[in-house]
Amino acid sequence: MDIRQADREYIIGTYRRQEPVLVRGRGARCWDQEGKEYLDFGAGIGVNSLGFCDPEWADAVAAQARTLQHASNLYYTLPGVELAKTLCLRTGYRKALFCNSGAEANECAIKLARKYSFDKYGPDSGRNKILCLGNSFHGRTVTTLSATGQDVFHNYYFPFTEGFAFAPANDLDAALALLEQGGFCGVLVELIQGEGGVNPLEPHYVSALSGYCREHDLLLLADEVQTGIGRTGQLLASRWFQDALGAPLLPDITTLAKGLGGGLPIGAVLTNERTCNVMGPSDHGTTFGGNPVACAGALTVMSRLSDAFLEEVRRKGEILRHALGNIPEIAGISGLGLMLGLSLRTQKAPEVVKECIRLGLLPLTAKEKVRLLPPLSITDEELSRGADILRQALT
Ligand SMILES: *Cc1c(COP(=O)(O)O)cnc(C)c1O
């Protein structure tokens, strides 16, 4: 079978796929159907935290698949409880809710913020709007598209969900001016905007938003779907912000997905003391959320992400930055840990990615930047080989 042709014939073409037909992977390497090897600097868009087919992860997933693959949320099961407990103990949050994707996690966070204000201030208070940031990305459901601060996403699917306002990222005056109009129940931010171009927020800006939320009883929602689970060299990127501020900063809700399952679909909503009891029986639901196989995979990811492992991610991030440091075509490098964005002087990111793929490297783009999200388990040698390929593609 010609896989590319069959794909175009039978799968709706919402993606313009790259050329390779990938058949197999191991660690940070994978192979296409012709046997050509690629080095992975994308991790399936930040999903394969432990690389392709990590043996411990695969064993845990297979063992769970042979024991109890799904039971629904009507019954108690162990893997989800273990995962929720681990996430809470490691992050300081109180309770978790599981779903299947980043969009669903954000959708739930939005519902939770609205219900928090609804319960406390009543239906007539009008407190239901959420402040979002320009250039953000929060998902592809109608509501998370509505929360996404990029006009290109606000097309065709009218009517979009009401109740979102947008301020440019890092512009505190603009955010406060909107918030002062009233009617808000929350503020939704990516601490480092991923799809929007790997743009970190400024710690003092986030801290000021957090302070405003506290004072006015709004919820601060952090979309860590991309930045969470070790991607930036901390379990949560909010830790970087805490360290920079020298003060606690734990948003009222943090959403996770991409890297959490190590390659299986799972999302999570982490809630604190203020937000953990906003939803009760029948207030929300999902058939697949907290699926035992996905949770078993996530538990392996969590068990591997020790403090020492996270320190390694930070070190590897520095190694990669350094290895890319003297390529004249690169105008700047943004991001933290193993989440990096390369601004280019003259070349176009999609062309660079195509050339890298030809040379055996799989990077990503984010807006006009080349985006690098290698598996967190990648070796120094693989990082420097990948950097060499990038250098070649950019020269
Ligand atoms: C990828 C992403 C999403 C959407 O996640 P899906 O699993 O594709 O629904 C939401 N927010 C951020 C920050 C993301 O990077």
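The questions and answers below concern the ligand shell and a surface patch of a predicted model.

In this predicted model, local features need pLDDT of at least 70 and side-chain atom pairs count only at pLDDT 80 or more, while totals for chains, interfaces and linings use all residues. Residues are numbered from 1 along each chain as its sequence is written, and side-chain values use heavy atoms, with hydrogens and water left out.

Student: Which helix gives the largest share of the shell around the ligand?

Tutor: The shell, taken as residues with a heavy atom within 4 Å of the ligand, includes S101, G102, A103, N106, F137 and H138. Helices here are DSSP runs of H or I with at least four residues, numbered from the N terminus. The largest share, three residues, comes from helix α5 (residues 102-121).

Student: How far is the polar side-chain atom of K258 from an oxygen atom of the ligand?

Tutor: Polar contacts to the ligand are pairs of N or O atoms within 3.5 Å. One of them joins a ligand nitrogen to a side-chain N or O atom of D223 at 2.7 Å. For K258, the distance from its polar side-chain atom to a ligand oxygen is 2.6 Å.

Student: Is V142 buried, partly exposed or exposed?

Tutor: V142 sits in helix α6 (residues 142-147). Buried means under 20% relative accessible area and exposed over 50%, with partly exposed in between (1.4 Å probe, protein chains only). Because its relative accessible area is 37%, V142 is partly exposed.

How values were computed. Helix = DSSP H or I, 4+ residues; strand = E, 2+ residues; numbered from the N terminus. Polar contact = N/O pair within 3.5 Å; in protein donor to acceptor, adjacent residues only side chain to side chain.
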